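Welcome! Please take a moment to look over the sequence and the 3D view below, and then we can walk through them together.

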Amino acid sequence: MADTPPYLDLYQREMGRQRPHHGYLVGSGAPLALDFATYFVKGLNCLDPRGVQPCGQCYCCLREYMAIRHIEPEKGQITIDDIREGSDFLESTSVDGNFRYKALIIEQAEKMTSSDAVNRVQENALLKTLEEPPEGSILFLLSDVPSFFLPTVRSRLAYIHFQPLILEEYRRHLMDLQFSENEIQLLLKVADTSCTSRDDLQFIVQAVALARGILAGTLDESSMQYLMDNADQWQRILRVFHVYFRDALVFVETGKYDKVYKILPCSPYRIIETLQDIAKIRRILSTTHSSPKFQMLSLLSKRRCRIA
Ligand SMILES: [Zn+2]
């Protein structure tokens, strides 16, 4: 019996292609991403597949490791030598002829940093492989920071991610933090558009706490201080405010006002007004000519927050 992986839909979709992509960028969901990549290559090589799933018993299934090379950062870095070695593996013809596909899987691929940050030698070495991919080769870049990679690299990779499972993990995390179900729903919506890692979720939880404080006029001194100390983060914080308030309004419009009221103790009108103020500060932040601090302070004072 072939076992059923949690990413079966995605797997079947990719197996359904005439031929697989030469490269995949798997953003987020690291343990599952690695599992997916391995399973996918196994499925492609299986000599006796059950439907599209690998049998787990044939010559290739039992020796799946022969078709896969792994790279992961050592001492926090993936070096140009690692990449060259990996590319050589993809280009070599010495792999057992029973395998139709071979794969290079690079974990935490954003660790391809070097002192030569401008030339980004590792990525450029990979680019050569991606431009002229050896027959039957597949490259997997696994990374929680898909935006790290050069556009020229990204454009040659098919992007997949495991968002639902990440959100499930966030949900558990938020439950641990004693958030109510209504709050979790709102936070997850914000996280869905803004999170790429668990650190981001912490940031969003903090930003949302600020947003609620501003709206309710109950921002305490330490929160105020945090806001003033992190002026370089305002663009991100305001983005979270924006998504959060907008989703709160959607709740209002879909008749779930009771839910929102429990979360945001204020009128929808006040939410709209605050959203407009937020839009204004965001506009100002993207230009260089006026004072975002003045605008932020004025937003805070309008909301009757005490200014430290
Ligand atoms: Zn098999």
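What share of the contacts in the chain with a separation of 6 or more comes from residues 24 or more positions apart? The answer is 71%. Keep that figure in mind as you read on, and remember that this is a predicted model.

## The chain as a whole

The chain has 308 residues, and 46% of them are buried. Its secondary structure consists of 14 helices and 5 strands.

The surface can be described too. About 16200 Å² of the chain is exposed, and carbon and sulfur atoms supply 50% of that area.

## A zinc ion and its cysteines

A good place to zoom in is the zinc ion. Four sulfur atoms coordinate it at 2.3 Å: the SG atoms of Cys46, Cys55, Cys58 and Cys61. Along the chain, these donors follow the spacing C-x8-C-x2-C-x2-C. The angles among the 4 donor atoms run from 103 to 117 degrees, and the site is tetrahedral.

How much of these cysteines can be reached from outside? Cys58 has 10% relative accessibility, so it counts as buried. Cys55 and Cys61 are buried as well.

## Cysteines without disulfides

With several cysteines in view, you may wonder how many disulfides the structure holds. The count is 0. Cys60 is a helpful example: the closest cysteine sulfur to its own belongs to Cys58, and it is 5.3 Å away, which is too far for a bond. A disulfide needs the two sulfur atoms within 2.5 Å. Cys60 also counts as buried, because its relative accessibility is 2%.

## Leu25 and its distant partners

Now find strand E1, where Leu25 has its place. At 4% relative accessibility, Leu25 counts as buried. Which residue 134 positions away along the chain has its C-alpha atom 4.8 Å from that of Leu25? That residue is Tyr159.

Tyr159 is one of several residues that Leu25 touches when residues up to four places away in sequence are not counted. The others are Leu141, Pro146, Phe149, Arg154, Leu157, Ala158 and Ile160.

## Glu14 in the first helix

Helix H1 covers residues 8-15 and includes Glu14. Is Glu14 buried or exposed? It is buried, because its relative accessible area is 2%.

The side chain of Glu14 is joined to that of Arg17 by a polar contact of 2.7 Å. Setting aside residues up to four places away in sequence, Glu14 touches His21, Tyr24, Phe36 and Phe40.

## Helix H5 and what covers it

Helix H5 spans residues 121-131, and its buried residues are Gln122, Glu123, Ala125, Leu126, Leu127, Thr129 and Leu130. An α-helix has 3.6 residues a turn, so residues three or four places apart point the same way. You can look for this pattern in the list of buried residues above.

What covers the buried residues of H5? The cover includes three strands, namely E1 (23-27), E3 (102-106) and E4 (137-143). It also includes helices H4 (80-91) and H6 (151-154).

## Val208 in helix H9

Further along the chain, Val208 sits in helix H9, which runs over residues 198-216. Val208 is buried, as its relative accessible area of 4% shows.

Leaving aside neighbours within four places in sequence, Val208 is in contact with Leu187, Val240 and Tyr244. From Val208 to Val243 there are 35 residues in sequence, and their C-alpha atoms are 9.8 Å apart.

## Two loop residues with positive phi

Most residues other than glycine have a negative phi, and most peptide bonds are trans. Two loop residues are worth a look with that in mind.

Lys75 lies in the loop between strand E2 (68-71) and H4. Its phi is near 50 degrees, a positive value in a residue other than glycine. With 90% relative accessibility, Lys75 counts as exposed.

Gln108 is found in the loop between E3 and H5. Gln108 is not a glycine either, yet it has a positive phi of about 45 degrees. Here the relative accessible area is 38%, so Gln108 is partly exposed.

Technical notes: Residues are numbered from 1 along each chain as its sequence is written. This is a predicted model: local features need pLDDT of at least 70, side-chain atom pairs count only at pLDDT 80 or more; totals for chains, interfaces and linings use all residues. Side-chain values use heavy atoms; hydrogens and water are left out. Buried means under 20% relative accessible area, exposed over 50%, partly exposed in between (1.4 Å probe, protein chains only). Donors are N, O and S atoms within 2.8 Å of the metal (3.2 Å for Na, K and Ca); water is not among the atoms, so sites may look incomplete. Four donors count as tetrahedral if all angles lie between 85 and 135 degrees; four count as square planar and six as octahedral if opposite donors are over 155 degrees apart and all others between 65 and 115; anything else is irregular. Helices (H or I, at least four residues) and strands (E, at least two) are DSSP runs, numbered from the N terminus. Contact means heavy atoms within 4.5 Å. Accessible areas come from the Shrake-Rupley method with a 1.4 Å probe; for residues, only the protein chains shown count as cover. A polar contact is a pair of N or O atoms within 3.5 Å; within protein, one must be able to donate a hydrogen and the other to accept it, and residues adjacent in sequence count only if both atoms are side-chain atoms.
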